[in-house]
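Here is a small set of exercises to work through with the model open beside you. Try each task first, then read the solution.

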Amino acid sequence: MRRNNIDITMVIIILVLAASSLRSGAFSDPKEWLLDKILLIPAVIIGLSFHEFGHAAVAYRLGDGTPKAQGRVTLNPLAHIDWMGLAALFFCGFGWGKPVQINPYNFKHRRRDEFLVALAGVVMNLLTAVVFAVIAHFLMGVIPNTTMGEGIWTMIMYIIQINLVLMIFNLIPCPPLDGFNILAEIFGFGNTETYWRIYQYGNWILVAIIIFGITDRIIGPCVSFLFNFLWQNIIF
């Protein structure tokens with residue numbers, strides 16, 4: 001997810017989902033909850049950092065030096081982490097990194113290149129999930145059946161799952177998600193008044209689809225399908 005600033009709508013989403021977690025009893029066992037969140041940390045950091053790095057690296061490769069000048073063509077998490085977005089993914093299951101700023105006038109083929117930059121983040125998440133599925137394949141049967149071994153295995157599974165969540169979530173065609181930018185470039189309205197007219201209401205649209213559970217109905221089945229595919233064809 002790429003954002004220009006911290007918007008009140010994002011705070012509303014976080015508060016609503018946090019309240020929902022409290023009502024569902026997610027914090028009924030604080031010790032188990034804390035341990036689970038500690039094991040989740042590497043997945044969250046890797047998922048967000050690799051996603052934003054994908055945007056930055058492709059934009060730089062296509063001729064825009066803006067991400068390089070701003071220190072974004074790196075896998076260093078500190079260059080990409082938005083702390084509110086990190087907290088949102090940590091506690092609510094979705095999140096965002098610092099937006100990668102680009103200057104589309106530096107691209108030789110603006111429409112094509114903006115499409116590739118928008119697509120790069122989700123492709124990076126997919127590749128990361130596949131790579132860690134391969135790692136899991138080679139580690140299966142090697143990791144000792146101990147508390148530490150179970151912790152390592154859980155972290156790897158979380159890395160796969162979080163990257164799939166970020167990929168599917170960002171493909172939802174709603175501004176400010178990457179899916180909307182991808183759709184805009186495919187249909188050629190990425191630099192039009194229509195684009196910006198829709199974009200200005202994007203966060204409120206996103207609030208609505210999250211609160212009414214539309215994202216859950218999209219993300220859950222898609223992530224389950226992809227995770228099972230990786231499990232059956234790569235990991236197992």
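**Exercise 1. Get the overall picture.**
Task: Work out how many helices and strands the chain has, and what share of its residues is buried.

Solution: Start with the secondary structure: this predicted model has 10 helices and zero strands. Walk along the sequence and the pattern reads α-α-α-α-α-α-α-α-α-α. Next, look at burial: of the 236 residues in the chain, 44% are buried. Finally, check how far apart in sequence the contacting residues are. Among contacts with a separation of 6 or more, 75% join residues 24 or more positions apart.

**Exercise 2. Find the main core.**
Task: Say which helices supply the largest nonpolar core, and which of them gives the most.

Solution: Begin with the core itself, which holds 38 residues. Those with the most contacts inside the core are Leu 40, Leu 48, Met 157, Ile 160, Leu 164, Phe 169 and Leu 206. Now trace where the core residues come from: H2, H4 (83–92), H5, H6, H9 (202–211) and H10 (214–235) each supply at least two. The top contributor is H6, with 12 residues. For background, nonpolar side chains tend to be buried together in soluble globular proteins.

To see one core residue up close, pick Ile 160. Skipping neighbours within four places in sequence, Ile 160 touches Ala 129, Phe 132, Ala 133, Phe 227, Leu 230 and Ile 235. There is also a second, separate core of five residues, including Phe 180, Ala 184, Phe 189 and Tyr 199.

**Exercise 3. Check the shape of H5.**
Task: Compare the expected span of H5 with the distance between its end C-alpha atoms, then find where the helix kinks.

Solution: First, do the span. H5 has 30 residues, and at 1.5 Å a residue it should span 44 Å. The end C-alpha atoms are 43 Å apart, which agrees. Second, look for a bend: H5 has a kink of about 35°, centred on Ala 120. Third, see what comes after the helix. H5 is followed by Gly 141, which has a positive phi, near 90°.

Now stop at Leu 126, which sits in H5. With a relative accessible area of 35%, Leu 126 is partly exposed. Its C-alpha atom is 6.4 Å from that of Leu 164, although the two residues are 38 apart along the chain.

**Exercise 4. Is H7 enclosed or open?**
Task: Decide whether H7 is largely enclosed or open, and name the helices its buried residues pack against.

Solution: Count the buried residues first. H7 covers residues 178–186, and seven of its nine residues are buried, so the helix is largely enclosed by the rest of the structure. Those seven are Asp 178, Gly 179, Phe 180, Asn 181, Ile 182, Ala 184 and Glu 185. Then look for their partners: they pack against H2 (30–61), H5 (110–139), H6 (147–171) and H8 (193–199).

Next, inspect both sides of H7 along the chain. In the loop between H6 and H7 you'll find Pro 176, and the peptide bond from Pro 175 to Pro 176 is cis, with omega near 10°. After H7 comes Gly 188, with a positive phi near 75°.

Last, follow one contact back to H5, where Arg 111 is placed. At 46% relative accessibility, Arg 111 is partly exposed. Outside its neighbours within four places in sequence, Arg 111 contacts Glu 185, Ile 186, Phe 187 and Gly 188. The C-alpha atoms of Arg 111 and Ile 186 are 8.4 Å apart, with their positions 75 residues apart along the chain.

**Exercise 5. Hunt for ring pairs.**
Task: Find out why the pair formed by Phe 227 and Trp 231 counts as stacked or not stacked.

Solution: A search of the whole structure turns up eight aromatic pairs. For Phe 227 and Trp 231, the ring centres are 6.4 Å apart and the planes meet at 25°. Stacking needs an angle under 30 degrees, so this pair is stacked. The two residues are four apart in H10, which puts about one helical turn between them. Phe 227 is buried, at 15% relative accessibility, whereas Trp 231 is partly exposed, at 30%.

Elsewhere, ring pairs link Phe 180, Phe 189, Tyr 195, Trp 196 and Tyr 199 into a cluster. To finish, look for charges over rings: Lys 68 lies over the face of Tyr 60, 5.8 Å from the ring centre, and Arg 110 lies over the face of Tyr 105, at 4.8 Å.

Terms used:
Residues are numbered from 1 along each chain as its sequence is written. This is a predicted model: local features need pLDDT of at least 70, side-chain atom pairs count only at pLDDT 80 or more; totals for chains, interfaces and linings use all residues. Side-chain values use heavy atoms; hydrogens and water are left out. Buried means under 20% relative accessible area, exposed over 50%, partly exposed in between (1.4 Å probe, protein chains only). Contact means heavy atoms within 4.5 Å. A nonpolar core is a set of buried Ala, Val, Leu, Ile, Met, Phe, Trp, Tyr and Cys residues joined through side-chain atoms within 4.5 Å. Rings of Phe, Tyr and Trp (its six-membered ring) pair if their centres lie within 6.5 Å; planes under 30 degrees apart count as stacked, over 60 as edge-to-face and the rest as tilted. A charge sits over a ring if NZ of Lys or CZ of Arg is within 6 Å of the ring centre and within 35 degrees of the ring normal. The expected span of a helix is 1.5 Å times one less than its number of residues. The bend at a residue is the angle between axes fitted to the seven residues ending there and the seven starting there.
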